[in-house]
Amino acid sequence: MALGISNQIWIPPIGPQMALAYKTIRPFRISAHPLSLSRRVPLKARQQATRQQRAYVTTGGTQNLPLHGITVVGLEQAIAAPFCTRQLADLGARVIKVERPGAGDFARAYDTRVNGLSSHFVWTNRSKESLALDLKQEKDLNVVKELLKKADVLVQNLAPGATDRLGFSYAKLKDEHPSLIVCDISGYGDTGPYRDKKAYDLLVQSEAGVLSVTGTETEPAKVSISIADIASGMYAYSGILAALLKRSKTGRGSRVDISMLEALAEWMSFPMYYTYKGQAAPKPTGASHASVYPYGPFETGGGGSVMFGVQNEREWVRLCAEVLELPKLATDPRFINNSLRSEHRRELKQVICDVFANMSAEDVLCRLDKAQIANAEVKDMQGLWNHGQLRARGRWTEVETANGRIPALLPPGMAHAQMGRVPEVGEHNAKILAELGLEQ
């Protein structure tokens, strides 16, 4: 039921010459932009890498993507619903984002870090069309009603009860639009004592017990990304895909009911089961694992730090013999199994850090690699921007915004995706209203 749209499909870098270019680039840091190429790379390789990294094919649609022909209407704001619908757009769906006239989605004003645009907004709203409507006005409300006649999916995360008052609940739509899939994302669901309670990400983290297992024993800490929003957005996305598959078999739409609390409670299942029948909860241990040790960050000489983890007794023996060069430590009664190592983690960390104090982080990582102990550098955000592995696999491209092109990662697992423009508020009003035969 697509309304028709011209989109861009990004073709990722391929071929041996591109692989050579990436191999050449990898040792050097890129300071300004992941698509910038170091001047130390040979000119020919640099030119070809740049051309292929920015290769776009403008087509009459997204025919080769799995959700081509699917139209999604989003009554959405903040993160959870926009993240869900952006992923549907990645797969080729046409997503029409309904937002307030003027200011639009309030996530547009979270910050101005991306060429004057909000970092949250540009992340979750590419490849969409913006339709600015005041849903308190009957005329604008009728526009949404006309849209739903042609839509496959309605996604909403408005305030509790808002869509029901507007007439857009699944119960009110299913008879008139029997093939429509309606996805509701809320903080706590539409039943139960919390149904009318406002829900922001940190508040849901608190309700789901996340803060009880993060931070340290003396100070809890929130997860610094919006995991309740991301979790609910992901379950909404997969729930809609399942509903579309079901509709292909039955011809009928359905409701997908997503609660941020329930999504995050699923992610908290390990610590919940760890406390089964009232057993003691895992203690907050900062960046270290709560029940496996050694598994976490360890300081090195020169003010460095490395992250590594030991998952079994074979690795523990190799760590002692090959990395720490203390083979007798493996049979120390305090550390002979994981439970004891976790119980005596302070003593063990001191032993490890005493050895590492005379080594650079690079030297420690080399020893860990040689001993086949899983490890990682402790990177900051610039380290992620410049991550050689992302570049080597051709994961970076660009998307258009009103303030110029910006870098963007291809969706995980996808070689081809719809990577369209981040819209301005109401940018597509004239186009959409004309398609519906309505006046502005």
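**Strands, cores and confidence in a predicted chain**

Me: How many of the residues of strand 5 (residues 128-132) are buried?
Reply: Strands are DSSP runs of E, at least two residues long, and helices are runs of H or I, at least four long, both numbered from the N terminus. Buried means under 20% relative accessible area, exposed means over 50%, and partly exposed lies in between (1.4 Å probe, protein chains only). Strand 5 is largely enclosed by the rest of the structure, because the residues that are buried number five of the five.

Me: What average pLDDT does the chain have?
Reply: This is a predicted model, in which local features need pLDDT of at least 70 and side-chain atom pairs count only at pLDDT 80 or more, while totals for chains, interfaces and linings use all residues. Residues are numbered from 1 along each chain as its sequence is written, and side-chain values use heavy atoms, with hydrogens and water left out. pLDDT is the predictor's confidence in each residue, from 0 to 100. Of the residues, 86% score at least 70, and the chain average is 88.

Me: Over which residues does pLDDT stay under 50?
Reply: Where pLDDT is low, the predicted coordinates should not be read in detail. A contact means heavy atoms within 4.5 Å, and the model has 122 of them beyond four places in sequence for the stretch in question. That stretch with pLDDT under 50 is residues 2-61.

Me: Which residues of strand 5 point the other way from Lys-128, Ser-130 and Ala-132?
Reply: In a regular strand the side chains alternate between the two faces of the sheet. Lys-128, Ser-130 and Ala-132 point one way from strand 5, and the residues on either way are all buried. Pointing the other way are Glu-129 and Leu-131.

Me: Which residue stands opposite Lys-128 of strand 5?
Reply: Two strands pair if DSSP finds at least two bridges between them. Strand 4 (residues 94-99) and strand 5 pair in the parallel sense over five bridges. Opposite Lys-128 stands Val-95.

Me: What is the bridge partner of Gly-74 in strand 4?
Reply: Gly-74 belongs to strand 3 (residues 71-75), which is mostly covered, with five of its five residues buried. Gly-74 and Val-72 point one way from this strand, and Thr-71, Val-73 and Leu-75 point the other. Strand 3 pairs with strand 4 in the parallel sense over five bridges. In strand 4 the partner of Gly-74 is Lys-97.

Me: What relative accessibility does Ala-78 have?
Reply: Ala-78 lies in the loop between strand 3 and helix 3. Ala-78 has a positive phi of about 65° although it is not a glycine. Ala-78 counts as buried, at a relative accessibility of 13%.

Me: How many residues does the second, separate core have?
Reply: A nonpolar core is a set of buried Ala, Val, Leu, Ile, Met, Phe, Trp, Tyr and Cys residues joined through side-chain atoms within 4.5 Å. The largest has 35 residues, with Val-72, Leu-88, Val-153, Val-155, Cys-183, Ile-185 and Ile-240 among those with the most contacts inside it. Helix 3 (80-90), helix 9 (227-250) and strand 7 (181-186) are among the elements that each supply at least two residues of this core. The second core includes Tyr-293, Phe-298, Val-310 and Trp-316, and its residues number 24.

Me: Which strands stand at the edges of the open sheet of order 9-10-11?
Reply: The sheet is open, has three strands and shows antiparallel pairing. Each edge strand has a single partner, so one side of each is left without a neighbour in the sheet; these are strand 9 (295-299) and strand 11 (375-377).

Me: At about what angle to strand 9 does helix 14 run?
Reply: Helix 14 (residues 345-356) lies across strand 9 and strand 10. Axes are lines fitted to C-alpha atoms, for helices over the stretch in contact, and angles run from 0 to 180 degrees between N-to-C directions. The angle of helix 14 to strand 9 is about 45°.

Me: What is omega for the peptide bond that joins Tyr-293 and Pro-294?
Reply: Pro-294 is found in the loop between helix 11 (269-274) and strand 9. The bond is cis, with omega about 0°.

Me: How many disulfides does a search of the whole structure find?
Reply: A disulfide is a pair of cysteine sulfur atoms within 2.5 Å. Cys-320 is buried, with a relative accessible area of 0%, whereas Cys-366 is partly exposed at 48%. The number of disulfides found is zero.
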